[in-house]
2 protein chains.
Amino acid sequence: MLSKTCEYAIRAMIYIAQQSKNGSMVNVKQISSGIDSPELFIGKILQGLSRQGLLQSLPGRYGGFYISDAEAKISLADIVIAIDGDKIFNGCGVGLDYCSEKKPCPIHTEYKKARNAIYKIYKESTLAQFRESANKGEIRLKRV
Amino acid sequence: MLSKTCEYAIRAMIYIAQQSKNGSMVNVKQISSGIDSPELFIGKILQGLSRQGLLQSLPGRYGGFYISDAEAKISLADIVIAIDGDKIFNGCGVGLDYCSEKKPCPIHTEYKKARNAIYKIYKESTLAQFRESANKGEIRLKRV
DNA sequence: TTTAATTAAGATAAAATTGTCTGAATATAG
DNA sequence: CTATATTCAGACAATTTTATCTTAATTAAA
């Protein structure tokens, strides 16, 4: 399960990807209202992602955040790893940190398959997909 | 991802299931050393599970915990739900609490499939399986 | 019945996560 | 150049999770 921080991050990134399609800025106020989440906290999260190069930011009046076509190649998995690390995609199903092929936990083999499927889903979902106008009506990032 | 509490719980339950095969008691000291985890915390966790009827306990000298053949039918999924609730098996992949068939999040459909696979793995792993002597050598509940 | 070792329960403490505040730096319009 | 609105950064605060402490109740052996 993703951390709350990570869930916010994913939703914010999707929102920004949609709103900044033509290079226009989106500010924290818009984002936090667009995904219904705490403004200052979202700000902090995006600062971190920006430092890691997952999106662009511009300080100053009329500044904000945006996602370029290059960054639209970023997948949800990239965001998850940037925030929560890769434990969710590689970790053991019962929390044994040394669990491996050589020293498998009781559910190792089956769990690994399922975990890989989860990874695939996040990995194959890119921000670019969310820019497609075809999707727009279907995507809900907050309660309506 | 499971909470740390839940991971401890699963490992403790597996350990107890193995050790109390013939109805003998296992105490908290043995369990905590058997799965390499904090003794007092494991005690607390097992108290809760015992209240919920997932295992038996006996206070007093020579007391401890044990798992009967009836309780050996319990699955890892039951333990997860008892500790962390069912959010991990039913929750949305990007944390939208209203996400549903009617109002799906962007990765709803695929994520649901993978999530169900995870559930199946936990659901089909019963404590009884861990009592089988055939498994014994293969199962590692702590670093060796 | 006494004693010792255990679980039970509630309070407390520590650590991690989530969220907010404040002031500085920055950028743009006028 | 000035005024204004924004991100940036670090400190701070609140909440949740994880872990411990203390005392009581319980059990069985001797």
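Two residues are in contact if their C-beta atoms, placed from the backbone, lie within 7 Å. By that criterion, in this predicted model, 29 residues of chain B are in contact with 28 residues of chain A.

On chain B, the side that touches chain A draws at least two residues from each of three helices: H1 (4-19), H5 (87-90) and H6 (108-124). H6(B) gives the largest share, 6 residues. Sorted by character, the residues on this side of chain B are 18 nonpolar, 3 polar and 8 charged.

The next point is how the copies are related. Two copies of a chain are related by a rotation about an axis and a shift along it. Here, a turn of 180° with a shift of 0.0 Å along the axis lays chain B on chain A, with an RMSD of 0.1 Å. That is the relation of a two-fold axis. Both copies use the same surface, since 97% of the contact residues of chain B recur in chain A. Within chain B, the residue that comes closest to the rotation axis is B:Met1, whose C-alpha is at 2.1 Å.

Inside chain A, helix H4 (residues 76-84) packs with helix H6 (residues 108-124): their axes come within 5 Å and cross at roughly 110°. Angles of 65 to 115 degrees count as roughly perpendicular, and H4(A) and H6(A) are therefore roughly perpendicular to each other. From H4(A), A:Leu76, A:Ala77 and A:Val80 take part, and they meet A:Tyr119, A:Tyr122 and A:Lys123 of H6(A). The residues of this contact comprise 5 nonpolar, no polar and 1 charged.

Key:
Residues are numbered from 1 along each chain as its sequence is written. Chains are lettered from A and ligands numbered from 1 in the order in which they are written. This is a predicted model: local features need pLDDT of at least 70, side-chain atom pairs count only at pLDDT 80 or more; totals for chains, interfaces and linings use all residues. Copies are superposed by least squares on the C-alpha atoms of residues with pLDDT of at least 70 in both. Helices (H or I, at least four residues) and strands (E, at least two) are DSSP runs, numbered from the N terminus. Ala, Val, Leu, Ile, Met, Phe, Trp, Tyr, Cys and Pro count as nonpolar, Asp, Glu, Lys and Arg as charged, and the others, Gly among them, as polar. Axes are lines fitted to C-alpha atoms, for helices over the stretch in contact, and angles run from 0 to 180 degrees between N-to-C directions. Angles under 35 degrees count as roughly parallel, over 145 as roughly antiparallel, 65 to 115 as roughly perpendicular and the rest as oblique.
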